[in-house]
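User: I have a model open and some terms in its description need grounding. Please take me through the reasoning behind them.

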Amino acid sequence: MSRITDSLSQKSLKEAVRFGMVGVVATALHYGLYYLLLSVASPAVAFTIGYAVSFVCNYVLSSRFTFRVAMSVQRFSSFALSHLVNYFVGLTLLNVFLWLGLSPAIAPLPTFVISVPINFLLVRYALTRVSHQSDSYIIFLLLTGFGMLLLNLLDMPTLSDDMVYRMMWSADADAEVQTIGGIGDLISSQWVHYHTVNGRLPMHLLAQAFLVFVPAVVLQVINTVLFVVLVHLCVLWIGRTNPLFPSFPSFPSFSSFPSFPSFSKGGVRGGLSEMSQPLFVAVMVVFLLFVVFSGFRTTMVWSLGTFNYLWVLVAVLALLLFLRREYAVGMSNTQTARSLHLLYAAPLALLAGWSHEGLSLPLAVAFFFFLIINRKRLSRSIVICLLCFFLGTALCFLSPGIIGRSTEGITLTTRLISAAMTCLSNIRVLWLLLLVLLILARRCRPFLLAHLQAHVYAYIALSVSLAITLLCGTSLERVAFFTDFMAMLLLLRLLSAKLSALWLRRLTVAACALMLVCFVPAYIVRQENRDMWDDMSQQMREPGRELVAVQMPQMGENMLMDYFRQHYVMPSAEFGFYCVYMGFDATDSNMRCAAKLFGKQRLVFLPADAVRRIERDSTAYSHYDTDMNNSLYLWRMADSRPVRSVRFILSDEDVSALHFWQRPLVYDGDTYELDDFHFETVQIGGRPYLVFTRPTTNITRRIKDIEIGYE
């Protein structure tokens, strides 16, 4: 303590003492209101109201007594911003301590111990110093981190891949599921996974290790930090300077060095901006990821998704920035590349290549052309890193699992339909990039040509990524993520280089406003999903209970909330034709894993409204009918004979009477039969019920009758 006291100036020490006195008053007021409101409100609401009241008292006392400065609009704005940061810190810590098991009355106390010192630094900075651009950039990163942490802390387990990854991987899909008991089981599991599923061994090894051995809150904090790191790496990629260390000379101009991975072919400048606006780029990166991207929920705020996308992007961008620095050093001839760099760069290159074939393969193609064209000008460290990247890509892309899955025989028609759906719904930022390129082609052709020449390898990688996305045979929302991510970097490179400072500020303010508007409903639907999971897990822990009634949110009543449910939540339970698992099928691998984790022989999930209807009325579903969200059909069977098939008899349809957008999806047939994945017989209250998914709209609107085939 004496060392700390000696290091402080006399003025700072007095300020700290006065701050402590004010802090005691404000904290006591905050905690008193929090404690009184606990009886009528949730901890989060009580914490927020108490904080708001104490904030006003804190501002007056901090200005007049602690730091003795005049109150002004500018200082109030800075003070409010610093307290907004501290509020998110406090609310996050409160949720962490509640998650750790502290009672609502006690949880604020350790929260104050951590947040009050942070608050002193922020408040002192806000009231005694004028903010600069780099300060705004740092504050935005902090706010982004706290916002993401609030979303991540509400990340609940889903009955999908993240449940399966808590078990040992088995080559036999029908084998009994086994929990992972140690490192040996983990290695054995990934060995089987590499040979049967895909080649992303390093990332999926980490995924299983974290999901099994590390508390969820630790992973949620790490993912939050990595998200902030990703935003900062994007800023470094797009602009040449590091806003945290403006004098650090390691990141040269983009006009003389490559981007993603657009290594310049000869120092083409072409009017490109020497320096982008860090705050603008950071805001737009977060805005595009959070608001515009398709698949945000499955890549950035879903536990398993972060390993496949967030962690991958951080590793790849770190490698690209290293290569850019090494290339610049070699081209300037100011110093030779040090072999010591390879001790961390070569493993990083191997890991980046061996991460996800959707990103590493397009980059490997671009790197290959770059290596062939520039082979005489590259340093040894760059060549070795590229070779390591090629090796990692080969280990990933040419793994037995990926080769086996790629030869499963998806028809060309299916691939084309999936490609069309992906173009219409999942590819978004790429369309914006193409629009900007077309505008530049008409109004600023020399600038566009210089941009394309300087970033030719980036566009090669983008083209390969788009081809993979369109030909993979699936229309999952996350398949276009890497394509749109590459397009985002190029789009922001163009905007930051071409737009005026006024337009950069306008876009920054507009993007921040839209993000704030979207954050509130996003947080609400994630809290809704957490409440749903808490109810489900409580039922699964009940001895002897096998049927879990899922409190599904009502879809169709509020289109706005439905949008946020679809884009910001990986639901803990889901039913429908396009689901990757079926909660009503106890033999489904995800359901078997869930049963194992909760010590059950079997588990069956059904919408709570359907279960309640059956429990209230023994004659319910005597004829087939749907649940409240029209996702499932239920039909009470006369006996328990196994069902072999479910076939829909369809009526004729006048195609000319349909809307033009419906005609390409018209089903040409008089019958439609569900595959066995989409139906199951379930015992509810001692009576057998056939549960089967509602097919797509082009089938549903023509249903005339249903035929059930028995074994």
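Analyst: Buried means under 20% relative accessible area. Note that this is a predicted model.

User: What makes helix 10 mostly covered?

Analyst: By that cut-off, 17 of the 23 residues of helix 10 are buried, so the helix counts as mostly covered.

User: How do you know that the span of helix 10 agrees with its number of residues?

Analyst: The expected span is 1.5 Å times one less than the number of residues. For the 23 residues of helix 10 (residues 216-238) that gives 33 Å, and the end C-alpha atoms are 33 Å apart, so the two agree.

User: What are the corresponding values for helix 23?

Analyst: Helix 23 covers residues 481-498, 18 in number, and reaches 25 Å from first C-alpha to last, close to the expected 26 Å. Helix 23 is also mostly covered, with 17 of its 18 residues buried.

User: Which residues have the most contacts inside the largest nonpolar core?

Analyst: Leu289, Phe485, Met488 and Phe605, in a core of 180 residues. Beyond four places in sequence, Phe485 is in contact with Leu230, Cys234, Leu289, Phe293, Leu313 and Leu317. A second, separate core has 17 residues, including Phe577 and Tyr624.

User: How are the strands of the open sheet ordered?

Analyst: The order of its 4 strands is 3-4-8-7, with antiparallel pairing.

User: Why are strand 3 and strand 7 called edges?

Analyst: Strand 3 (625-626) and strand 7 (679-684) each have a single partner strand, so one side of each has no neighbour in the sheet.

User: What makes strand 3 and strand 4 a pair?

Analyst: Pairing needs at least two bridges, and 2 bridges join strand 3 to strand 4 (residues 632-636), so they pair. Asp625 has Leu634 in strand 4 as its bridge partner.

Methods
Residues are numbered from 1 along each chain as its sequence is written. This is a predicted model: local features need pLDDT of at least 70, side-chain atom pairs count only at pLDDT 80 or more; totals for chains, interfaces and linings use all residues. Side-chain values use heavy atoms; hydrogens and water are left out. Buried means under 20% relative accessible area, exposed over 50%, partly exposed in between (1.4 Å probe, protein chains only). A nonpolar core is a set of buried Ala, Val, Leu, Ile, Met, Phe, Trp, Tyr and Cys residues joined through side-chain atoms within 4.5 Å. Contact means heavy atoms within 4.5 Å.
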